[in-house]
Amino acid sequence: MSDFGSLLEGYDRLQQEMEILQKYGRDYRMERNRTRAIVERLHPKRLQLKVAELIEETYSTRTFRLVARNGYLPPFQAGQYINLFVNVDGLHTSRPYTISSSPRQVGYYDITVKRMPGGLVSNYLMDRIKVGDELESSGPTGNFYYNPLFHGKKLCFIAGGAGVTPFVSMVRETLQSGLDRQIHLIYGCQTLEDVLFYDRIKDLSVRHDGFSYDLILSEPHKGYGGPTGFIDAQFIKESLHGEKMDMFYICGPPAMKEFCAAELKKLGVPRRKIRQEVSPIYGDITQQPGWPEGLSADQTFTVRAGGREIEAQAGRPILEALERERIKIPVSCRCGECSYCRVKLLKGEVFQPEGVLLRESDRRFGYIHACKAYPISDIELLL
Ligand SMILES: Cc1cc2nc3c(=O)[nH]c(=O)nc-3n(C[C@H](O)[C@H](O)[C@H](O)COP(=O)(O)OP(=O)(O)OC[C@H]3O[C@@H](n4cnc5c(N)ncnc54)[C@H](O)[C@@H]3O)c2cc1C
Ligand code: FES
């Protein structure tokens, strides 16, 4: 155990503290409710936030610097997100946004939002949220972070567009704290105008030996002298100069992630060395493998839930129909990963695309994730 423990940061200090407590004893009745208070402080269900600053990043992207209204923000792991709850003209909904600031300070969280054409919440945040406005979110959550026990020290981050946000937080943490890790960031964007944190990342790569950075543009302006194209096997190979990496992380739009994972496979990188952040489905769900033939996305079905009957479109997640009718269920990732929105399907059929992380017991007992389940018949749910 001691060998295993010595791999953990701070283990020796804790071990010493435990030995002192065991030797001299302690009256734990004095500690009543302390544990619960600590857990609630570290993992609050909701955070009350205020926008302290707005930082323009690109023509379509803005950083929202968020501070706590009660003066305290819990710690987080670089790479995690908060789920922002908003009320857009009477519609109560939420969206996850990665914390792009470093976890070395929790005076504020930065989230960096990219405007999505036709998107509800990104446009609401960009157009209507000002300095001083109040927002509510979940506590930090998510599984896309560095694990010192299993991920090794040589890390390759592959980012597309706004998918660079978790890596910015990880890079900031590593370099600010002088952690013993070697990081190579490969970042793909359409144009130079789309590149996030360009100067800051470039500057860090110049100043720190353990961090290097390669940018590639798929639609460069005329005369652009840097690398162009997509993040394919050849570009990854050239960027790494033959260096073997312990772990690859990919974050970006779903098609980009799929493409890059396949390119890594061509380079012989085993599946277990590739970690991908989850993402919502933005495109047409009827194009996903397994969608029932002939069923149109516009077809509507009846959903019986919470003692009510509501209408839902086949082509939209059931969660959206519930939110529209103000039927509340817990929600966090909106990508089928976290299980918060798990509900029981009592009757009828739903389509669940690839990437929904259902447990074996969910499948056996008929549970679905409402954020990534689409009605393909009239259905009844137990919330
Ligand atoms: C873990 C995680 C971290 C994330 N971090 C970030 C981040 O750091 N920065 C960031 O910018 N984003 C991030 N996102 C994405 C973010 O959560 C939102 O998905 C994004 O902002 C788009 O939300 P929206 O409400 O603007 O778009 P939505 O309203 O959700 O729409 C998305 C797309 O679907 C289309 N659409 C919507 N409704 C319909 C309909 N009825 N019929 C047909 N099409 C429709 C829209 O036109 C749009 O193209 C993250 C997502 C996840 C899962
Ligand atoms: S909200 Fe995370 S699985 Fe549905």
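Before the views begin, one definition helps: two residues are in contact if their C-beta atoms, placed from the backbone, lie within 7 Å. That is the sense in which a helix will be said to lie across strands in one of the views below. Please also keep in mind that this is a predicted model.

**View 1. Helix α4 crosses one face of strands in the predicted model.**
Here α4 lies across four strands: β2, β3, β4 and β5. Look for β3 at residues 81-88, because α4 runs at about 80 degrees to this strand, with axes taken as lines fitted to C-alpha atoms. The helix itself covers residues 120-128, and we will meet α4 again in the view of ligand 1, where it gives two or more residues to the shell.

**View 2. The whole chain, with its helices, strands and domains.**
Stepping back for a moment, the chain comes to 10 helices and 18 strands. The domain assignment divides the chain into domain 1 (2-40), domain 2 (42-138), domain 3 (154-276) and domain 4 (285-382). Along its principal axes, the C-alpha trace spans about 70 × 55 × 45 Å. How does the radius of gyration of the chain, 23 Å, stand against that of a compact globule? A compact globule with 383 residues would have a value near 21 Å, so the 23 Å of the chain agrees with it.

**View 3. A six-stranded open sheet with antiparallel pairing.**
Follow the strands across the sheet in the order β4-β3-β6-β1-β2-β5. Which strands stand at the edges? They are β4 and β5, and each has a single partner strand, so one side of each is left without a neighbour in the sheet. On average, neighbouring strands here are turned by 40 degrees against each other, direction ignored.

**View 4. Strand β1 and its two partners, β2 and β6.**
In this closer look, β1 (46-58) meets β2 (residues 61-68) in the antiparallel sense, over eight bridges. To find your way along this pair, start at Glu53, whose bridge partner in β2 is Arg65. With β6 (residues 134-138), β1 also pairs in the antiparallel sense, this time over five bridges. Leu47 is a handy landmark there, with Ser137 in β6 as its bridge partner. Strand β6 is also joined to β3 by two bridges, and these two strands run antiparallel. In that pairing, Phe85 stands opposite Glu136 in β6.

**View 5. Where domain 2 touches domain 3.**
The centres of the two domains, taken over C-alpha atoms, are separated by 24 Å. The contact takes 15 residues from domain 2 and 14 residues from domain 3. Two strands to pick out on the domain 2 side are β1 (46-58) and β5 (109-114), each of which supplies at least two residues. What classes of residue make up the side of domain 2 that touches domain 3? By class, there are four nonpolar, eight polar and three charged residues on that side.

**View 6. The surroundings of ligand 1.**
Ligand 1 has 28 residues around it, of which Gly118, Gly119, Leu120, Val121 and Ser122 come nearest. The elements giving two or more residues to this shell are β4 (91-98), β5 and α4. By class, the shell holds 15 nonpolar, nine polar and four charged residues. Why does ligand 1 lie between domain 2 and domain 4? Both domain 2 (42-138) and domain 4 (285-382) give residues to the shell, so ligand 1 lies between them.

**View 7. A five-stranded open sheet with mixed pairing.**
This sheet has the strand order β13-β12-β18-β14-β16. Its edge strands are β13 (308-313) and β16 (367-369), which each pair on one side only. From one strand to the next, the twist averages 40 degrees.

**View 8. Strand β18 and the strands beside it.**
Strand β18 (residues 379-382) runs parallel to β12 (residues 300-305), and two bridges join them. Here Arg304 has Glu380 in β18 as its bridge partner. With β14, strand β18 pairs in the antiparallel sense over three bridges. Glu380 appears here too, as the bridge partner in β18 of Lys347. Moving on from β14 (residues 342-347), three bridges join this strand to β16, and the two run antiparallel. A good place to rest your eye is Lys344, which stands opposite Tyr367 in β16.

Key
Residues numbered from 1 in each chain as written. Chains lettered and ligands numbered in written order. Predicted model: local features only at pLDDT ≥ 70, side-chain atom pairs only at ≥ 80, totals over all residues. Pairing = 2+ DSSP bridges. Axes fitted to C-alpha atoms, helices over the stretch in contact; angles between N-to-C directions. Domains from an automatic or database assignment. Nonpolar A, V, L, I, M, F, W, Y, C, P; charged D, E, K, R; others polar. Near = placed C-beta within 6 Å. Rg over C-alpha atoms; globule rule 2.2 N^0.38 Å.
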